[in-house]
Amino acid sequence: MSQPSISGAAEPVFKITSILVPLIAIISGIFMVILDSTAMNVALSKLVIDFKTDLPTIQWTVTGYMLATAAVIPLAGWLSDRFGAKQVFLTSVVLFTVASVLCATPNSAEMLIVFRILQGLGGGFVMPVAMAYVFRLSPPNKIGQVMGMLGVPILLAPAIGPILAGWLVEYHSWHWIFLINLPVGIFSFIFGLWKLPSVGRKAVPGFDLPGMILGPIAFAALSYGITQGAESWTSEKALGGMIIGAVALIAFIIVELKAKTPLLELRVFKSVDFSFSIFVQWVLQFSLFGAIFLLPQFLQQARGYGAFDTGLTLFPQAIASGIMMPIGGYLFDKIGVRWLVVVGLTLVSGAIYQYSHVDLTTEGKDLLLPLIMAGAGMGLMMMPLNSHLIKKAPQDLVSRVTSLTSAMQQVINSFAVATLVTVLSSRVTTLISEQKIAINGPADMQKAMLAVAPEAFGYTFRVMLFIAVGGIFLGLFLRRGQQQPDAKEGKREVALEALH
């Protein structure tokens, strides 16, 4: 397989078909991990019944997975440098696949939680290492197009997950949510072993043991504390997680800035362009979660939709994203990221504005246009902004910083969900009080919540609209710039090895 030329000679014409087979191996691995992550939420109610336990206990199948993922992400860059990206990717796929089979076998909730944590350890490495290969296989002027293809499963899997899981749980068995990973994992492993190019291991001077201890603790604890904040920001679990995470993060930053060979190179944030782009990405993520997380909650809580019907209703969003992803990648290579973010967030903002007018008569057909707008906006800007971040990072430092950005994304996602739940719950309580609805028992509370749900959801969507419009303004200040070429081949290889 021909590789992109990096010398001064004329580069051969790049064809996407030249990297199609290794790209299939990467995409199948990513699709498997994301699909399983989203499908699990649908099965929780059924698992409570089958294991004869309560929801807080079985919820740890989701929480444990998330914490394991957050803990290992910071290690991805160092492991890729030390052992090679191909070895880490294939090992991760095998671990995730084996853990998936184990998840289909337990007869107790506790064992399922343990196996889900194993799944998280494998799944946490797949995405950052897979991104490394995308940049390894793509010529610099075609990164946007290839990233656009990679982004399709990232947005399709969350839409297909609830539909597939809802069908399996309702008509077959929850065990199949995990067993379907077996053929996909085997396929990804075989194709990866066969066609992924071997990337040489890097000489990794030193071993940042304090960083490897503090990093996982910091990001896992922060994710946990913020997630618990959705129930109560003042609870012992929320405060404990956030305090431990904050202390560990501060210690981690101090250690990394002093270390000669840091696990994550924090000095990259001296680049103003890089730091600003990271901030825009966080705002973008927060806005996207307003569109992705809130609407399914409205359909299920206020309109009484099941998981399967909710998935079908939201599917046009995934289709629009899948169509626009390659287009967004192509345009990124031509015009840069600024107008893709501005136009994309404008479409998402328009969708959120329409969501803010939902009521108890809202049906799937009423949501078709805003769903398409939201999906198209996501497809236009999500992967181009990731590509832009890599180009803005100093190339001799990027292998140590991209895992940090990925771990922070996990924290931002948790923060977005927890904040939205807090705003929504607070608004429901306020409306019930303002309308002086009498509550004499659980049944009355259920009726009261249903009565104020549309207005509460509309208010929360308006909060998200404000954030999304702010993101549009920030997007105007993104600068295209050019990726700085490295003086030596070695620097380029390091830069491409552990990108996310």
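**Notebook: aromatic pairs, a surface patch and two single residues**

I began with Y355, which counts as buried because its relative accessibility is 0%. The model I am reading is a predicted one, and I keep that in mind for each entry below.

Entry on the ring pairs. I looked up how many aromatic pairs there are when ring centres must lie within 6.5 Å, and the count comes to nine. For W174 and F178 I noted ring centres 6.2 Å apart and planes at 85°, so I entered this pair as edge-to-face, the angle being over the 60 degrees that this class needs. Both W174 and F178 are buried. I then went back to Y355 and looked up its pairing with F461, where the ring centres are 5.4 Å apart and the planes stand at 50°, so the pair is tilted. Y355 belongs to helix α14, which covers residues 338-355, while F461 belongs to helix α17, which covers residues 442-475, so this pair ties together parts that lie 106 residues apart in sequence. F461, like its partner, I wrote down as buried, because its relative accessibility is 0%.

Entry on the cluster and the charge. I followed the ring pairs around W174 and found that they link F51, W174 and F178 into a cluster. I also looked up what lies over the face of Y459, and noted R427 there, at 4.5 Å from the ring centre.

Entry on the surface. I next turned to a nonpolar surface patch, of about 600 Å², and listed the residues that make it as I335, W339, V343, F473, L476 and F477. From this list I picked out F473, whose place is in helix α17. I recorded F473 as exposed, because its relative accessible area of 51% is over the 50% cut-off.

Entry on M131. I located M131 in helix α6, which runs over residues 109-137, and entered M131 as buried, because its relative accessibility is 2%. I then checked the separation between the C-alpha atoms of M131 and I26, which is 8.6 Å, although the two residues are 105 residues apart along the chain.

Entry on K52. Which residue other than glycine did I note with a positive phi? It was K52, with phi near 55°. I placed K52 in the loop between α1 (20-50) and α2 (55-58), and I marked K52 as exposed, because its relative accessibility is 77%.

Methods:
Residues are numbered from 1 along each chain as its sequence is written. This is a predicted model: local features need pLDDT of at least 70, side-chain atom pairs count only at pLDDT 80 or more; totals for chains, interfaces and linings use all residues. Side-chain values use heavy atoms; hydrogens and water are left out. Rings of Phe, Tyr and Trp (its six-membered ring) pair if their centres lie within 6.5 Å; planes under 30 degrees apart count as stacked, over 60 as edge-to-face and the rest as tilted. Buried means under 20% relative accessible area, exposed over 50%, partly exposed in between (1.4 Å probe, protein chains only). Helices (H or I, at least four residues) and strands (E, at least two) are DSSP runs, numbered from the N terminus. A charge sits over a ring if NZ of Lys or CZ of Arg is within 6 Å of the ring centre and within 35 degrees of the ring normal. Patches are made of residues with over 30% relative accessible area and no salt bridge: like charges are joined within 9 Å, nonpolar side chains (Val, Leu, Ile, Met, Phe, Trp, Tyr) within 5 Å. Accessible areas come from the Shrake-Rupley method with a 1.4 Å probe; for residues, only the protein chains shown count as cover. A salt bridge is a side-chain nitrogen of Lys or Arg within 4 Å of a carboxyl oxygen of Asp or Glu.
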